[in-house]
Structures are given as C-alpha cells and as structure tokens.
Amino acid sequence: MANEKLKNYKYDKDALKNKTIFITGATDGIGRVLAIQSAKLGAKVVIHGRNKKKLEVVYDEIIVDPKCRKPVIAMLDYETATSETYSSLSESIMNDFKCIDGLIHCAGILGDRSSIEQYDPGLWQKVMHVNLTAPFVLTQALMPSLKLSKHPSVIFTSSGVSQIGKAFWGAYCVSKFGTEALSQILAQELTHTSFRVNCINPGAVKTKMRLAAYPAENRDKLKLPEEILSPYIFLMDDESLGITNKCYDAQ
Ligand SMILES: NC(=O)c1ccc[n+]([C@@H]2O[C@H](COP(=O)([O-])OP(=O)(O)OC[C@H]3O[C@@H](n4cnc5c(N)ncnc54)[C@H](OP(=O)(O)O)[C@@H]3O)[C@@H](O)[C@H]2O)c1
C-alpha cells in the first residue's frame, strides 16, 4: 500500500509549502539538490554543512529564485562538533523557528574501500562517527523542535550495502547497517505519535561519493541527484502521513 502510494506519487509545485526542513550534507550531491528542490516546493530549508563557502553558494542558488523562502545556514562539522555545539544549534533552531517539520540526513563519507584486515582503525572510527553517531546526536538535539510539528518526518539515507555485508566496504557498510537499525528503533519508539521515521536507499547516483567508490565506471548511465528525489519529497509531504518504519529504494 505504502509502496503503491509512492509509485503513483507526483509532487505538485507547493508540496512542501509551510514546512521547515533541516537537511544535512546540503553542500554537495544529493543533499544539495534536495535542499534546492525543497525550497522550490515551498519549504523553508535549514541547510547544514561543514564548509562555509559551499553553504553560501547553495544559499545563493536558492535565493536566486524570488519565489523561494530564504534558507538558513547551519554550519556544523560532524567530525569536530561537541555536545555544546549540538546544544547551541538546538537552542538557536528553537529560538528561530520553534518547530521543525522535517529532518533529512544526507551527510556522509565513504571512508576506505579496503579489507577488514587492512582497514585503518582511526578511519573506521571517523566513518562510524560521521555516518552514524553524529546523525544520532543531531536527531536527539532536534527532537524538541520536531516534537512541536503536527506531522514530523525524519529520513535517514541508507545504501545498497545496508542489509547484506559486502567485501571491501568496511566501515561504510557497517555504518549503513547501523543507520537502518537507528531508523527502525526510532520509528518503533515513536509508533504512538504522529512521527514518520523512514530510510531511503538512493541507489547509484552521480555524486562525488559515487566517483570515489567507483572511479573507473562509466558515469553517463548514472542517475543524477535530481532524478531520485521523489521518495524524499513524498516522505516530507503530508501525502505520506502514517507511513513509518519503511526503507524505500529510490530507483
Ligand atoms: N551517491 C550514491 O551513489 C549513494 C548511494 C547510496 C547511498 N548514498 C548516501 O547518500 C548520502 C549522500 O551522498 P552523496 O553521494 O550525495 O555524497 P557527497 O556528494 O559526497 O555529499 C556528502 C555530503 O556530506 C557532507 N559531509 C561529509 N563529511 C561531513 C562532516 N564531517 N560534517 C558535515 N557534513 C559532512 C559533505 O560536505 P562537503 O561538501 O563539505 O564535502 C556533503 O555535503 C550519503 O549518506 C551516502 O552514504 C549515496
């Protein structure tokens, strides 16, 4: 039923009107395109990233369209953020907006494509931290604002390697298993609320991460981020009310 709804879903031009949506990793790849498109569909977007210049470029790309609401920049490096950083972000979001309707996790890193035997433990820790621990802490920090929304929606971005282990995908693969578990646990804990908590596996998408993972592949056949946005928009739109604890393939 939920799959059928998504299959038939076509978003209209104000699908996200009156929504405030926090998007992580909005400086590149899927998160960047999703932030721009969400703003075009009427959302006030909070664009998160670690690089001020890149955040400003995305900000400018959004405001060039006079119909878009001005975005807000949330700069926070997952590698270096402390509990104080998250507290102050949480406070400023509460002061500026009170309510957040959506949180979309797109930020992530690939780490190394090497064997477990050779995987550098320091890099392992970094990948687990950026891909799993930091999204958990951010979700926790934004819960008070999400709870003030009538229909909050949280989306985690998983991967094709998040359900079956794959050789040489090391920490990335393990972090994505964890991402799906985190999403399922949160969804279950919030069953008796209006929260939707879901996962999306984007499939192969033409971004810098994909290039790093498959440097030799023919990139012409890859989908662009613009082509895989539908499930993200669907899960932010009120069309998906009641749908929770699912994992969708975007392709
Ligand atoms: N592309 C694919 O084929 C594919 C397939 C399956 C799953 N995914 C998942 O989709 C999501 C988006 O991937 P993508 O392909 O769009 O990757 P991308 O183009 O490499 O973008 C990753 C984003 O994460 C941000 N980021 C990285 N480290 C960060 C840190 N320490 N603190 C804050 N932000 C940080 C990046 O910031 P900078 O701009 O500063 O680097 C960038 O905005 C990821 O979760 C990825 O695992 C992608």
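Here are a few questions and answers about this predicted model and the ligand it holds.

Q: What makes the Asp 77 pair with the ligand a polar contact?
A: A polar side-chain atom of Asp 77 sits 2.9 Å from a nitrogen atom of the ligand. The cut-off for a pair of N or O atoms is 3.5 Å, so this pair counts.

Q: How do you know that Gly 108 and Lys 208 make polar contacts with the ligand too?
A: Same test, two more pairs. A polar backbone atom of Gly 108 is 3.2 Å from an oxygen atom of the ligand. For Lys 208, a side-chain N or O atom lies 2.9 Å from a ligand oxygen. Both values fall within 3.5 Å, so both pairs pass.

Q: How much of the ligand does the protein bury?
A: On its own the ligand exposes 900 Å², and the protein buries 95% of that.

Q: Which helix gives the most residues to the shell around the ligand?
A: That's H7, with 3 residues. The elements giving two or more are helix H2 (29–40), helix H6 (170–189) and helix H7 (208–213).

Q: What kinds of residues make up that shell?
A: It's a mix: 12 nonpolar, 10 polar and 8 charged. Of the 30 residues around the ligand, those coming nearest are Thr 27, Ile 30, Lys 54, Tyr 172 and Thr 207.

Q: Why does the radius of gyration of the protein chain agree with a compact globule?
A: For 251 residues, a compact globule would come out near 18 Å; the chain has 17 Å, so the two agree.

Methods: Residues are numbered from 1 along each chain as its sequence is written. This is a predicted model: local features need pLDDT of at least 70, side-chain atom pairs count only at pLDDT 80 or more; totals for chains, interfaces and linings use all residues. Side-chain values use heavy atoms; hydrogens and water are left out. A residue is near a molecule or strand if one of its heavy atoms lies within 4 Å of it. A polar contact is a pair of N or O atoms within 3.5 Å; within protein, one must be able to donate a hydrogen and the other to accept it, and residues adjacent in sequence count only if both atoms are side-chain atoms. Accessible areas come from the Shrake-Rupley method with a 1.4 Å probe; for residues, only the protein chains shown count as cover. Helices (H or I, at least four residues) and strands (E, at least two) are DSSP runs, numbered from the N terminus. Ala, Val, Leu, Ile, Met, Phe, Trp, Tyr, Cys and Pro count as nonpolar, Asp, Glu, Lys and Arg as charged, and the others, Gly among them, as polar. The radius of gyration is taken over C-alpha atoms; the globule rule is 2.2 Å times the number of residues to the power 0.38.
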